[in-house]
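Work through the exercises below with the structure open beside you. Try each task before you read its solution.

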2 protein chains.
Amino acid sequence: MTPTPAAEIAPYAANIDAIRAARRRIDPFIHRTPLLTSATLDAMSGRRLWFKCELLQRTGSFKFRGATNAVRMLDDAQAARGVVTHSSGNHAQALALAANMRGIPAHVVMPTNSAEIKKAAVRGYGGRIVECEATLEARESTAARVLAETGGTMVPPYNHPNVIAGQGTIALELLDECPQLDAIVVPVGGGGLISGIALAAKALKPSIRIIGAEPELAGDAALSKRTGMIEPPMKPVTIADGLRTALGPLTFPVVRDLVDEIVLVSEADIAAHMRLVWERMKLTIEPSAAVGVAVACSDWMRKQKDRADVGVVLCGGNVDLANLPFA
Amino acid sequence: MTPTPAAEIAPYAANIDAIRAARRRIDPFIHRTPLLTSATLDAMSGRRLWFKCELLQRTGSFKFRGATNAVRMLDDAQAARGVVTHSSGNHAQALALAANMRGIPAHVVMPTNSAEIKKAAVRGYGGRIVECEATLEARESTAARVLAETGGTMVPPYNHPNVIAGQGTIALELLDECPQLDAIVVPVGGGGLISGIALAAKALKPSIRIIGAEPELAGDAALSKRTGMIEPPMKPVTIADGLRTALGPLTFPVVRDLVDEIVLVSEADIAAHMRLVWERMKLTIEPSAAVGVAVACSDWMRKQKDRADVGVVLCGGNVDLANLPFA
């Protein structure tokens, strides 16, 4: 089946024009991350792999792109009232720094039981932490109160057009540097990253395959594609903590229509490929990024005949060194 | 004092022409390593730091440059008889792969008590290991026997003109990308890396400062500069295992004449800056590379007024994950 170009389908949360505009907007603030190769991993996958090193992005993950795009799109009056989120992972750090670089406040609602290392990271980037109880209800009601008190703008971690457009800039850089790519492997959590990349890449090169990578223990996006509806997060939780969330109303249609396949990998494969990249590529990828590497080196990939050049997005590198899944 | 340009001093082991020729020779085989920045580390050092990521070089260290240059300079008849070394560290891996990529044998003399991980690495790159007793005498006599049996060529880890010229190519790339550099910080072991870099950088930009970085526990090069003679290795040994060797007859004159200062750092600082780079830059640098980072962020560096842009060579990333000096 020939993949359908994004432009011919009903509009999604972002299009190639929005993603190109995002690139111009965020370019002065982000790192242009390197594209690295590894002969060892090429041999393991049976093709040429191109690793887009978003773990070397500011704040240690791709999230800084979407957060910066969202923050820079606020008008001055909106911006002055600050931004708010109740994510406590990489998005919280990214939003804190993006706001800091614009000189505006970022209010991050975090449960009192969050890891101290995560709180320290948000504070280190200039964010203001608002603590709440460790339930989704408490997070949402606390965020609503902060929004009401400050008049600030909510910037969610993935289900937002400006966030999705920001993440899509990765595909523009990838295809600029490596136009021969036949496929891109992208880890799937809430779907913001893969939605932005799919929308940009399929617009520029309709023949390109977009391959989602999910842990078996968090295969909700793969299931969502099969059932045609957004499936909830799964239990028990995967070590790939960035991929535990479900798809959102804006990302699900893109994953449903533009993502060609979603491949699942085991927890053991995640840990093994994380270690492999640490040892051979010298990059401290986090488990979520290892999910993509595991798919790129999987039996499934070795069976694909028509993919000589494959991009792999190393989405983040925020790891607690005191708590590694190996050694 | 105005530093004396290399060209005006009696010839050393390599000159800018040899280093430029080395670059043309090795370019098809090496990785062009990225130059990365970190706002966090800039703030700690009080200037702009440019990290040359040789840990992302093939085989995980800069040694692949010198080894490739030496291997590629052999004529076909010499090459066919193979290369020999009795280094067991990063140079052994580098020489094994450089030889493998030319399709010739590499005989690596290693003590029987070498770490299995090091033997596996050499074998993995196609090297042939020749075991011997764990004394310098046994290594040298075994290497002499292998040389006699094979008619091969000895490629030492640093005290060789072609190896020094290969390492110097790092400075050409650094100054191409970042001509405004005021100084380059380089870890010092046997001195091959800093000799090549000093010879290239001072020829291209006589005003540039070359700063050596040594562990306090392996301050033999700093001492050699003061005493005017090659000082032997020190005990107890530093965790920076790549920097335990003494200078050689070819590297000492360059270090004596062209290296502006050598700054010493403590073992605690090495471990702390290694961890810092793992956590903030997401790069698994080895302790030897952390020595340079510790100098770049040192009190000594903060007192230097005239250095706005400083290059730091992250020389390698070969680390045993089961044996980290932190966590």
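**Exercise 1: An unusual peptide bond**

P236(B) sits in the loop that runs between α10 (220-227) and α11 (252-258) of chain B. Keep in mind that this is a predicted model.

Task: State whether the peptide bond from K235(B) to P236(B) is cis or trans.

Solution. Step 1: read omega, which is near -5° for this bond. Step 2: name the bond, which is cis. Step 3: turn to chain A. There a cis peptide bond joins K235(A) and P236(A), with omega of about -5°. P236(A) is placed in the loop between α10 (220-227) and α11 (252-258) of chain A.

**Exercise 2: A backbone angle**

Task: Find the sign of phi at T59(B).

Solution. Step 1: locate T59(B) in the loop between β2 and α3 (63-72) of chain B. Step 2: read phi, which is near 65°. Step 3: note the sign. Phi is positive here, in a residue other than glycine.

**Exercise 3: Two sheets in chain B**

Task: Work out which strands stand at the edges of the open sheet of six strands.

Solution. Step 1: write down the strand order, β1-β2-β10-β7-β8-β9 (chain B), with mixed pairing. Step 2: look at the ends. β1 (35-36) and β9 (261-265) of chain B each have a single partner strand, so one side of each has no neighbour in the sheet. Step 3: check one pairing. β1(B) and strand β2 (residues 48-53) of chain B run antiparallel, joined by two bridges. L36(B) is opposite F51(B) in β2(B).

Task: Do the same for the open sheet of four strands.

Solution. Step 1: the order is β5-β4-β3-β6 (chain B), and the pairing is parallel. Step 2: the edges are β5 (128-132) and β6 (153-154) of chain B. Each has a single partner strand, so one side of each is left without a neighbour in the sheet. Step 3: follow one pair. Five bridges link strand β4 (residues 106-111) of chain B to β5(B), in the parallel sense. V109(B) has V130(B) in β5(B) as its bridge partner.

**Exercise 4: A salt bridge**

Task: Explain what the salt bridge between R23(A) and D176(A) ties together.

Solution. Step 1: check the distance. The two side chains meet at 3.0 Å, N to O. Step 2: place the residues. R23(A) is in helix α1 (residues 16-26) of chain A and D176(A) is in helix α8 (residues 161-177) of chain A, so the pair ties together parts 153 residues apart in sequence. Step 3: set the pair in context. The count over all chains is 32 salt bridges.

**Exercise 5: Where the chains meet**

Task: Describe the contact between chain A and chain B.

Solution. Step 1: count residues. Chain A gives 22 residues and chain B gives 22 residues. Step 2: take the buried area, about 1800 Å², with 63% from carbon and sulfur atoms. K282(A), T284(A) and L321(A) supply 34% of the area that chain A buries against chain B, more than any other three residues. Step 3: count the links. There are zero salt bridges between the chains, but eight residue pairs are in polar contact.

Task: Find how the two chains are related.

Solution. Step 1: lay chain A on chain B. A turn of 180° and a shift of 0.0 Å along the axis give an RMSD of 0.0 Å. Step 2: name the relation, a two-fold axis.

Note on methods
Residues are numbered from 1 along each chain as its sequence is written. Chains are lettered from A and ligands numbered from 1 in the order in which they are written. This is a predicted model: local features need pLDDT of at least 70, side-chain atom pairs count only at pLDDT 80 or more; totals for chains, interfaces and linings use all residues. Side-chain values use heavy atoms; hydrogens and water are left out. Contact means heavy atoms within 4.5 Å. Buried area is the accessible area (1.4 Å probe) that two parts lose on being put together, summed over both. A salt bridge is a side-chain nitrogen of Lys or Arg within 4 Å of a carboxyl oxygen of Asp or Glu. A polar contact is a pair of N or O atoms within 3.5 Å; within protein, one must be able to donate a hydrogen and the other to accept it, and residues adjacent in sequence count only if both atoms are side-chain atoms. Copies are superposed by least squares on the C-alpha atoms of residues with pLDDT of at least 70 in both. Two strands pair if DSSP finds at least two bridges between them.
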